[in-house]
Amino acid sequence: MDPQSPRIVIDPDILNGKPAIRGTRVSVQTVMEFLSSGNSVEEILENYPSLTRDDILACLRFAADMMEHSFVVDPVNM
C-alpha cells in the first residue's frame, strides 16, 4: 500500500483490521466485490453516499498494490 495514501486505513478496532476507507465502515473488499460484480462507480456512490470517486480509486490502487506481493499457499494435509 502507498504509505502516502490517507484514504485506506487498517485499524484493529475497525472491521476487525480489514482495510477500510478512512472515516467509514466500508471495507476495500466490499468495494472490490461490487466492482467485480459489474457495478459501476456511480452505482457504488449511490449506495454509499459517504464515499467519493477518489475513495473507490484508492480501493483499486490498494488492491493493485497488494498484487505486487508474492503469496505462497501451503496445501492442508488431510
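A residue is called buried when its relative accessible area is under 20%, exposed when that area is over 50%, and partly exposed when the value falls in between. The structure discussed here is a predicted model, and these three words will be used throughout to describe where its residues sit.

**Asp 55 and its surroundings**

Asp 55 is found in helix 3, and because its relative accessibility is 8%, Asp 55 counts as buried. When residues up to four places away in sequence are left aside, Asp 55 touches Arg 7, Ile 21 and Ser 50. With Arg 7, Asp 55 also forms a salt bridge, in which the closest N and O atoms are 2.8 Å apart. Asp 55 belongs to helix 3 while Arg 7 belongs to the segment before strand 1, so this pair ties together parts that are 48 residues apart in sequence.

Arg 7 has a second partner, since its side chain also meets that of Asp 54 in a salt bridge with an N to O distance of 3.5 Å. Here too the segment before strand 1 is joined to helix 3, so the pair of Arg 7 and Asp 54 ties together parts that are 47 residues apart in sequence. Arg 7 counts as partly exposed, at 29% relative accessibility, and Asp 54 also counts as partly exposed, at 42%.

**Salt bridges**

The count of salt bridges in the model comes to 4. Among them is the one that Glu 42 forms with Arg 53, whose closest N and O atoms are 2.7 Å apart. Glu 42 lies in helix 2 and Arg 53 in helix 3, so their pair ties together parts that are 11 residues apart in sequence. Glu 42 is partly exposed, with a relative accessible area of 41%, and Arg 53 is likewise partly exposed, with a relative accessible area of 41%. Salt bridges that share partners join Arg 7, Asp 54 and Asp 55 into one network. The table lists salt bridges described above.

| Salt bridge | N to O distance |
|---|---|
| Arg 7 and Asp 54 | 3.5 Å |
| Asp 55 and Arg 7 | 2.8 Å |
| Glu 42 and Arg 53 | 2.7 Å |

**Helix 3 and the nonpolar core**

Helix 3 has 14 residues, which at 1.5 Å a residue should span 20 Å, and its end C-alpha atoms are indeed 20 Å apart, so the expected and computed spans agree. The buried residues in helix 3 are Asp 55, Ile 56, Ala 58, Cys 59, Phe 62 and Asp 65, and the buried residues of this helix pack against strand 1, strand 2, helix 1 and helix 2.

The largest nonpolar core of the model has 12 residues in all, including Ile 8, Ile 21, Val 41, Ile 56 and Phe 62. Helix 1, helix 2 and helix 3 are the elements that give two or more residues to this core, and the largest share, 4 residues, comes from helix 3. One member of the core is Val 41, which touches Leu 35, Arg 53 and Ile 56 when residues up to four places away in sequence are not counted.

**An aromatic pair**

The structure holds 1 aromatic pair. Its partners are Phe 34 and Tyr 48, whose ring centres are 5.8 Å apart and whose planes stand at 75°, so the pair is edge-to-face, given that planes over 60 degrees apart are classed in this way. Phe 34 lies in helix 1, and Tyr 48 lies in the loop between helix 2 and helix 3, so the pair ties together parts that are 14 residues apart in sequence. Phe 34 counts as partly exposed at 23% relative accessibility, and Tyr 48 counts as partly exposed at 26%.

**The loop between strand 1 and strand 2**

Leu 15 is found in the loop between strand 1 and strand 2, and although Leu 15 is not a glycine, its phi is positive, at about 50°. Asn 16 lies in the loop between strand 1 and strand 2 as well, and Asn 16, which is not a glycine either, has a positive phi of about 55°. As for accessibility, Leu 15 counts as partly exposed at 21%, whereas Asn 16 counts as exposed at 77%.

**Ser 36**

Ser 36 lies in helix 1, and its relative accessibility of 64% is over the 50% limit, so Ser 36 counts as exposed. From C-alpha to C-alpha, Ser 36 and Ile 14 are 24 Å apart in space, while they are 22 residues apart in sequence.

Note on methods
Residues are numbered from 1 along each chain as its sequence is written. This is a predicted model: local features need pLDDT of at least 70, side-chain atom pairs count only at pLDDT 80 or more; totals for chains, interfaces and linings use all residues. Side-chain values use heavy atoms; hydrogens and water are left out. Rings of Phe, Tyr and Trp (its six-membered ring) pair if their centres lie within 6.5 Å; planes under 30 degrees apart count as stacked, over 60 as edge-to-face and the rest as tilted. Buried means under 20% relative accessible area, exposed over 50%, partly exposed in between (1.4 Å probe, protein chains only). Contact means heavy atoms within 4.5 Å. A nonpolar core is a set of buried Ala, Val, Leu, Ile, Met, Phe, Trp, Tyr and Cys residues joined through side-chain atoms within 4.5 Å. The expected span of a helix is 1.5 Å times one less than its number of residues.
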